[in-house]
Amino acid sequence: MSGRLRRAYRGMRLGTRLALGLGVLSLVVFAVVGTALTTYMRDYLSAQLDTQLAQGQIAQSKSIADYGTLSGKKYYSWFYAVYDVSDGKPVLRRPEDPADLPADVDDFTSLARAQTTSATEVLRTEHLRGAGEYRLRACEVEPGVVLVSAAPMEDIEDTVGQLVTIQAVAFGLALLALVVLGRGMLRRGLKPLSDMAHTARGITSHDLTDSGRLPVRHDGRGGGPEVEELRTAFNTMLEHIDDSLAVRAEAEQRLRRFVADASHELRTPLMSVRGYADLFQYAAANAPEERDRHLARLRAEAARMGFLLDDLLLLARLDAADVETPLRPQEADLVDLVEQAADAFRVTHGGHALTVAPGPGSLRLRLDPQRIRQVLDNLMTNAAMHTPAGTEVSVAVSVTAGTAQVRIADRGPGIPPGDRERVFDRFYRVDKARSRDRGGSGLGLAVAQSLVRAHGGRIDLTSEPGATVFTVTIPLTAAGAGGDAAGETLTVP
């Protein structure tokens, strides 16, 4: 039974449980207040009756002392007994009226005997047989004479009973109103919590694989500072969930795009290798003079696929740099690296004029020279491949605000605004129709950005028709800038 009650209680809503708890607490308070009030009223009425007995016995004692009778000094429903005391033994006088004595006078005699040994009046409450509860008082009228009077307590009991009834009804109605109204107020006050619980249920039924924003929020007001604080924390948590879902969805989308692009990029050289292998087999059997040409194509496609796999491997290692860093830092001269990249650019891209702007004579930094050279080659090659032949390209080195900067600019047609945010994405090409042979794999800028970030720097892009500038910024940490140009700022022409 108790187990079922506990389960039923636990199954109640919080507002109902709080209302019941408040009702039980109120019931205890009402019981204490009612008991105290009833006790006080009983004691007060008893004291009033004792005073009435004392006042009545004063007049009765005077009548007995003067006239030997109680004529005219009697009260309705009171009992009286007069005892003559001799040698400590009370002897009952013959009553004037038999109705003055109850059927059993033992309690009166016992009280008169107690009075003979007491210096003051004696009070006692007794239940008289056939009469009910009475308040008895014994006093000495004169030496050797004791008067015992008894007043009924029926009126006191009736008054106390009515008081208890009134209290029970009043407290019951108050308790009922408190539970009903209190439950309503509690439900209203706890409504924000119910709304948040509804929101939480909505989250559990929401497809968290969806990249969209969670469709539920609790924006109501009320409930007090604690509920406001909980609401703020709850909504902040939802915002964090939204952000996490968006980041995860974006990462999954990029991963899917990356895998699709990588598969596409690898499929092209593999198909070429397969085709040239077939041609090579045919040529080797029927036209040996074509063997060298097809073999060269096979090697070129294999090399291209190797470069692509190297870039993918490098990007993967950069993504997991906290596990294994692909950098081998050492102290190197950034200016010398720029000059080496410029010389290589002039040899491989003779159709583009390259200008190296004046700058520091030496700028020694702690970096990975091979990877920084790869960044410079990628950016310069990107400028040559995506601009018409004869377009001017320039490179400049400067030191600004504690950072080393390398700016690679070209005077080509520029990058469309819609593509500027994505040029650093992997496998992304501005010109979707550009062939792989001329357009590359689409990993050059992604690799360059990842390598610069691994050095603690960044790559910034500004572009407009006739001027596209990639700015590589690397902090001068653990570096010794060349004293002949430290702090000098150069402008790319």
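Here are some notes on two sheets, the helices packed on them, and a few residues to look at in this predicted model.

1. Start with the sheet towards the N-terminal side of the numbering. Its five strands run in the order S2-S1-S5-S4-S3, the sheet is open, and the pairing is antiparallel. At the edges sit S2 (89-92) and S3 (122-128), each with a pairing partner on one side only. On average, neighbouring strands here are turned by 30° against each other, direction ignored.

2. Next, one pair within that sheet. S1 (residues 79-86) and S2 are joined by four bridges in the antiparallel sense. If you want a register check, Val 85 has Pro 90 of S2 as its bridge partner.

3. A helix covers this sheet. H3 (residues 106-116) packs on it and touches S1, S2, S3, S4 (132-142) and S5 (145-152). The direction of H3 makes about 165° with that of S3.

4. Just ahead of S1 there's a backbone oddity. Ser 77, in the loop between H2 (14-67) and S1, has a positive phi of about 70° despite not being a glycine. For context, most residues other than glycine have a negative phi. Ser 77 counts as partly exposed, because its relative accessibility is 32%, which lies between the 20% and 50% cut-offs.

5. Now the other sheet. This one is also open and has five strands, ordered S7-S9-S10-S12-S11, but its pairing is mixed. S7 (354-356) and S11 (458-464) are the edge strands, and each pairs on one side only. The average turn between neighbouring strands is 15°, again ignoring direction.

6. The S9/S10 pair is worth a look. S9 (residues 393-400) and S10 (residues 403-410) pair in the antiparallel sense over eight bridges, and Ala 396 stands opposite Arg 407 in S10. The loop between S9 and S10 holds Ala 401, a non-glycine residue with a positive phi of about 50°. At 79% relative accessibility, Ala 401 counts as exposed.

7. H12 (residues 444-454) lies across S11 and S12 (467-475), running at about 135° to S11. How much of H12 is buried? Eight of its eleven residues are, so the helix is largely enclosed by the rest of the structure. The buried set consists of Leu 445, Ala 446, Val 447, Ala 448, Gln 449, Ser 450, Leu 451 and Val 452. Just after H12, Gly 456 takes a positive phi of about 85°.

8. H12 also packs against H9 (residues 369-385): the angle is about 145° and the axes are 9 Å apart. The crossing of H9 past H12 is left-handed. H9 contributes Arg 371, Gln 374, Val 375, Asn 378, Leu 379 and Asn 382 to the contact, while H12 brings Gly 444, Leu 445, Val 447, Ala 448, Leu 451 and Val 452. By type, the contact residues of H9 with H12 split into seven nonpolar, four polar and one charged. The general rule of 3.6 residues a turn is handy when reading such lists, because residues three or four places apart in an α-helix point the same way.

9. Last, a sequence-distant pair. Met 185, part of H4 (residues 154-189), is 166 residues from Ala 19 in sequence, yet their C-alpha atoms are 9.3 Å apart in space. Is Met 185 buried or exposed? Its relative accessible area is 63%, so Met 185 is exposed.

Key: Residues are numbered from 1 along each chain as its sequence is written. This is a predicted model: local features need pLDDT of at least 70, side-chain atom pairs count only at pLDDT 80 or more; totals for chains, interfaces and linings use all residues. Side-chain values use heavy atoms; hydrogens and water are left out. Two strands pair if DSSP finds at least two bridges between them. Helices (H or I, at least four residues) and strands (E, at least two) are DSSP runs, numbered from the N terminus. Axes are lines fitted to C-alpha atoms, for helices over the stretch in contact, and angles run from 0 to 180 degrees between N-to-C directions. Contact means heavy atoms within 4.5 Å. A crossing is left-handed if the near helix is turned anticlockwise from the far one by less than a right angle, and right-handed if clockwise. Ala, Val, Leu, Ile, Met, Phe, Trp, Tyr, Cys and Pro count as nonpolar, Asp, Glu, Lys and Arg as charged, and the others, Gly among them, as polar. Buried means under 20% relative accessible area, exposed over 50%, partly exposed in between (1.4 Å probe, protein chains only).
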